[in-house]
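Here are some short exercises to work through with the model open beside you. Try each task before reading its solution.

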Amino acid sequence: MKYVFLLCTCMLFSLFSCQDPIETESAKALEAYQSGDYQKAIDLNQKVLDLDSNSTASIVTYYNLSVIYREQQQWQKAAEPLLKIINIDSSEVNAYADLGLVYLELEQLDLSIEYSTRALGFGAENPYSNANLAVAYRLKGSYEKAMTYSNIALSFDSTNIKALDNLAIVCESQGLLQAAIKYHEKVLMYDSTHIQTYPVLSNLYGSTAAADKAIEYGEKALVLFPDEINMINNMGFIYLEL
């Protein structure tokens with residue numbers, strides 16, 4: 001998921017001519033972020049918070065910090081500003097939803113479920129939180145709930161890759177290989193860059209004796225992962241069977 005760096009429109013146009021120091025530092029932070037200088041953007045956003053850290057206006061800055069940390073996959077640091085947001089405004093649904101994702105990445109599954117569920121308390125039509133809940137429940141071994149929340153996510157967004165991938169993994173774990181294939185192919189239909197799906201599909205087709213399809217996806221996988229030993233071995237076995 002691509003995150004959007006949140007800044008008020010007035011900050012974008014004011015830039016360095018702003019008289020207000022908060023707007024000035026915020027504009028500098030945006031410029032640093034857009035240039036890829038994340039550490040400078042973090043420092044400048046922190047400077048903004050030194051000026052104002054507890055008002056509703058500071059929520060935007062906390063979101064900005066969380067976005068930067070998530071893009072760097074610094075998940076624990078990404079959680080901290082989101083928790084600050086909730087302390088300022090307990091109705092900020094996006095903070096709960098994002099915490100559901102952050103704690104999922106940290107493999108703190110109970111916290112992920114707690115915050116995703118709280119996000120859904122503001123409105124169930126939220127494929128993002130439903131998909132995160134589905135993955136968390138799968139990792140906890142609650143496959144029925146994993147499938148339920150995946151299907152809810154898909155009812156609101158039929159192209160949700162996380163939900164489709166989750167259903168594929170659950171089906172494969174239950175021995176439902178044809179269903180797993182169906183969901184994996186849907187993943188690639190909506191996102192052909194989801195490269196980890198190619199070797200999985202090759203293996204699944206190999207397990208269902210569909211050698212032509214196994215070869216098709218295996219060759220695609222080897223273009224993407226030419227040194228993947230397991231994939232090379234699998235292709236050898238497929239050709240041996242033929």
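**Exercise 1. Count the helices and strands of the protein chain, then describe its overall build.**

Step 1. The secondary structure comes to 14 helices and zero strands, where helices (H or I, at least four residues) and strands (E, at least two) are DSSP runs numbered from the N terminus. This is a predicted model, in which local features need pLDDT of at least 70 and side-chain atom pairs count only at pLDDT 80 or more, while totals for chains, interfaces and linings use all residues. Residues are numbered from 1 along each chain as its sequence is written, and side-chain values use heavy atoms, with hydrogens and water left out.

Step 2. Along the principal axes, the C-alpha atoms of the chain fill a box of roughly 75 × 35 × 25 Å.

Step 3. Of the 242 residues, 45% are buried; buried means under 20% relative accessible area, exposed over 50%, and partly exposed in between (1.4 Å probe, protein chains only).

Step 4. Take contacts (heavy atoms within 4.5 Å) between residues at least 6 apart in sequence: 46% of them join residues at least 24 apart.

**Exercise 2. Check the span of helix H5 (residues 75–88) and find what its buried residues pack against.**

Step 1. H5 has 14 residues, and at 1.5 Å a residue it should span 20 Å; the expected span is 1.5 Å times one less than the number of residues.

Step 2. The end C-alpha atoms of H5 are 21 Å apart, which agrees.

Step 3. The buried residues of H5 are Trp75, Ala78, Ala79, Pro81, Leu82, Ile85 and Ile86. They pack against helix H4 (59–71), helix H6 (93–105) and helix H7 (109–120).

**Exercise 3. Work out how H6 and H7 are arranged and which residues meet.**

Step 1. The two axes come within 7 Å and cross at roughly 160°. Axes are lines fitted to C-alpha atoms, for helices over the stretch in contact, and angles run from 0 to 180 degrees between N-to-C directions.

Step 2. That angle makes H6 roughly antiparallel to H7 (under 35 degrees is roughly parallel, over 145 roughly antiparallel, 65 to 115 roughly perpendicular and the rest oblique).

Step 3. On the H6 side, the meeting residues include Val93, Tyr96 and Leu104, and on the H7 side they include Leu109, Tyr115 and Arg118. The residues of this contact divide into 10 nonpolar, three polar and one charged. Here Ala, Val, Leu, Ile, Met, Phe, Trp, Tyr, Cys and Pro count as nonpolar, Asp, Glu, Lys and Arg as charged, and the others, Gly among them, as polar.

**Exercise 4. Repeat the analysis for helix H11 (residues 177–190) and helix H12 (residues 197–207).**

Step 1. The axes of H11 and H12 come within 10 Å and cross at roughly 150°, so the two helices are roughly antiparallel to each other.

Step 2. Among the residues that meet are Leu177, His184 and Glu185 in H11, and Thr197, Tyr205 and Ser207 in H12. This contact divides into 10 nonpolar, three polar and one charged.

**Exercise 5. Is glutamate 25 buried or exposed, and which residues does it touch?**

Step 1. Locate glutamate 25 in helix H2.

Step 2. Its relative accessibility is 10%, so glutamate 25 counts as buried.

Step 3. Leaving aside residues up to four places away in sequence, glutamate 25 touches Leu44, Lys47 and Val48.

**Exercise 6. Place glycine 36 and classify its accessibility.**

Step 1. Glycine 36 sits in the loop between helix H2 (21–34) and helix H3 (38–51).

Step 2. With 47% relative accessibility, glycine 36 counts as partly exposed.
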